[in-house]
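Me: I would like to learn how to read the features of a protein model step by step, with the general idea first and the particular case after it. Could we begin with the strands and how they pair?

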Amino acid sequence: MGASRARDAFHVMSKPTGAICNLDCDYCFFLSKEALYPDSHFRMPPDVHETYIQQLLAAHPDREEVVVAFQGGEPTMMGLDFFRRTLELEARFARPGQRILNTIQTNATLLDDEWGEFLAEHDFLVGVSIDGPAELHDVYRSDKGGKPTFARVMHGLDLLARHGVEWNALTTINAANGDHGLRVYRFLRDELGASFIQLIPIVERVSEELLPIAERGWGGRNADRPLYEQRGSLTTSRSVSGQQYGRFLIEVFEEWARHDVGDVFVQMFDTALGHWLGMKQAGMCVHAETCGRALALEHNGDVFSCDHYVESEYLLGNIASGSTILNLLESPAQQQFGVAKRESLPQYCVECDVRFACNGGCPKDRFLSTPTGEPGLHYLCDGYQAFFRHVDEPMRIMADSLRNNGDADVVKAWYREADSTRSRNEPCPCDSGRKWKACHGGRGRP
């Protein structure tokens, strides 16, 4: 089992600055993880840095692509010398024929021309966090002084574009932008030129005791900030609701399927299409049948089961203390963590008609009860059901075409035919409640 599983794809999300960030986004649960390391300087030391790169490359076979991923906190706070050394370590430890893809997730506010030149020269893939136009982005994404950040993010994006750096958009879906799916998508596509988009729902699960504190946000401005853990059955007012999230996805899908299949890649839709093609582990881990193949590496070498479970209960070991990434990945604790996602599904989910595409969602958000009172229902269940059922026919069309060596963009013609006789004043087929002319038949790409 161990030998074969070791060759399965896995991912390590490294956090060289731990939870330290130059921003104070209200919904960023990871800011609270600073409390796990009260005496730390929150900078990955050289020995941990070297051990990480060496072990990661050693864990992948020859001639395989290896993704070296840096996240945070804000990883650019490490400075360019840290990333220059990363390249030196990769050159030293690379196995024959290995292809290395360096990725960095950033808020883009600290980027300058030196960063742009470096990222372009070494083909870094950059993920940029942006939640839509200014009036939506700035609701929750502020700096340490509580000031808005949109203009600074846009400056960073302009810099990346000027230097020809490949970038992806990471957009969180929250209470502020959750009712504006079409608007957010058109902003990302038309104004930013994003061609790869991740849509991440904000679900801040809290207990009744911690709710008043959590409502003030997880940033440093909250003096009473607790350590965020997966506890309780309530959510903050910043959290997107299940219905909101489902509607958001449907609005975006209807625009994407009409105009952008093959040109714009939305991670959620690629994952769903993989499931319609019969791939149980396709794309996003939240909708895979099992999990446990995405580890989180803290700045001091601690390895946790998942980025969302950086808690003492899910600490697997430390790579600076004799453990290896591969051994921790294959440990009984992590194996059980992974299969528990499937084995803990309530019967309501097991019997659901969209289980093949949903797989119960991420375990961190399974804190509701089913209609029969069984625990373990995902907080976004009603949104998932609405979305997956809505896209069933176009997904089947795309999947059938791909099985027959065709292209997924055949679905555009299906939509064109359906729309050709549609009145401007009739309800939009996305079920938004708006007229066709004021929704997907309105402004946007012809």
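Reply: Two strands pair if DSSP finds at least two bridges between them. With that in mind, and remembering that this is a predicted model, take strand β3 (residues 99–106) and strand β4 (residues 125–129), which pair in the parallel sense over 4 bridges. Within this pairing, Ile 104 of β3 stands opposite Val 126 in β4.

Me: In what order do the strands of the open sheet lie, and which strands stand at its edges?

Reply: The open sheet is formed by 10 strands in the order β9-β6-β5-β4-β3-β2-β1-β10-β11-β12, and the pairing is mixed. At the edges stand β9 (265–266) and β12 (315–318), and each has a single partner strand, so that one side of each is left without a neighbour in the sheet. Helix α3 (residues 80–93) packs on the sheet, where it touches β2 (65–70) and β3, and its direction makes about 160 degrees with that of β3.

Me: How should I read the side chains along a strand, and which residues of β6 point to the buried face?

Reply: In a regular strand the side chains alternate between the two faces of the sheet. Strand β6 (residues 196–201) shows this alternation, with Ile 197, Leu 199 and Pro 201 pointing to one face and buried, while Phe 196, Gln 198 and Ile 200 point to the other face and are not buried. Strand β5 (residues 167–173) runs parallel to β6 and is joined to it by 5 bridges, and Pro 201 of β6 is the bridge partner of Ile 173.

Me: Is Leu 295 buried or exposed, and which residues does it contact beyond its sequence neighbours?

Reply: Leu 295 lies in strand β10 (residues 294–297), and it counts as buried because its relative accessibility is 2%, where buried means under 20%. Leaving aside neighbours within four places in sequence, the contacts of Leu 295 include His 11, Val 12, Met 13, Phe 304, Leu 316 and Leu 329. Gly 292, in the loop between α10 (267–276) and β10, is also buried, with a relative accessible area of 7%. With residues up to four places away in sequence not counted, Gly 292 touches Leu 329, Gln 334, Phe 337 and Gly 338.

Me: How is a pair of packed helices described, and at what angle do α9 and α17 cross?

Reply: Two packed helices are described by the angle between their axes and the distance between the axes. Here the axes of helix α9 (residues 242–259) and helix α17 (residues 410–419) come within 7 Å and cross at roughly 105 degrees, which means that α9 is roughly perpendicular to α17. On the α9 side the contact is made by Phe 253, Glu 254, Ala 257, Arg 258 and His 259, and on the α17 side by Val 411, Lys 412, Tyr 415 and Asp 419. Sorted by class, this contact has 4 nonpolar, 1 polar and 4 charged residues.

Me: Finally, how many disulfides does the count give, and why is Cys 439 not bonded to Cys 430?

Reply: A disulfide is a covalent bond between the sulfur atoms of two cysteines. The rule asks for sulfur atoms within 2.5 Å, and by it the count comes to 0 disulfides. For Cys 439, the closest cysteine sulfur is that of Cys 430 at 3.6 Å, which is too far for a bond; Cys 439 is buried, with a relative accessible area of 1%. For Cys 28, the closest cysteine sulfur is in Cys 25 at 6.2 Å, again too far for a bond, and Cys 28 counts as partly exposed at 25% relative accessibility.

Terms used
Residues numbered from 1 in each chain as written. Predicted model: local features only at pLDDT ≥ 70, side-chain atom pairs only at ≥ 80, totals over all residues. Heavy atoms only, no water. Buried < 20%, exposed > 50% of the residue type's maximum accessible area, 1.4 Å probe, protein only. Axes fitted to C-alpha atoms, helices over the stretch in contact; angles between N-to-C directions. Helix = DSSP H or I, 4+ residues; strand = E, 2+ residues; numbered from the N terminus. Parallel < 35°, antiparallel > 145°, perpendicular 65-115°, else oblique. Contact = heavy atoms within 4.5 Å. Nonpolar A, V, L, I, M, F, W, Y, C, P; charged D, E, K, R; others polar.
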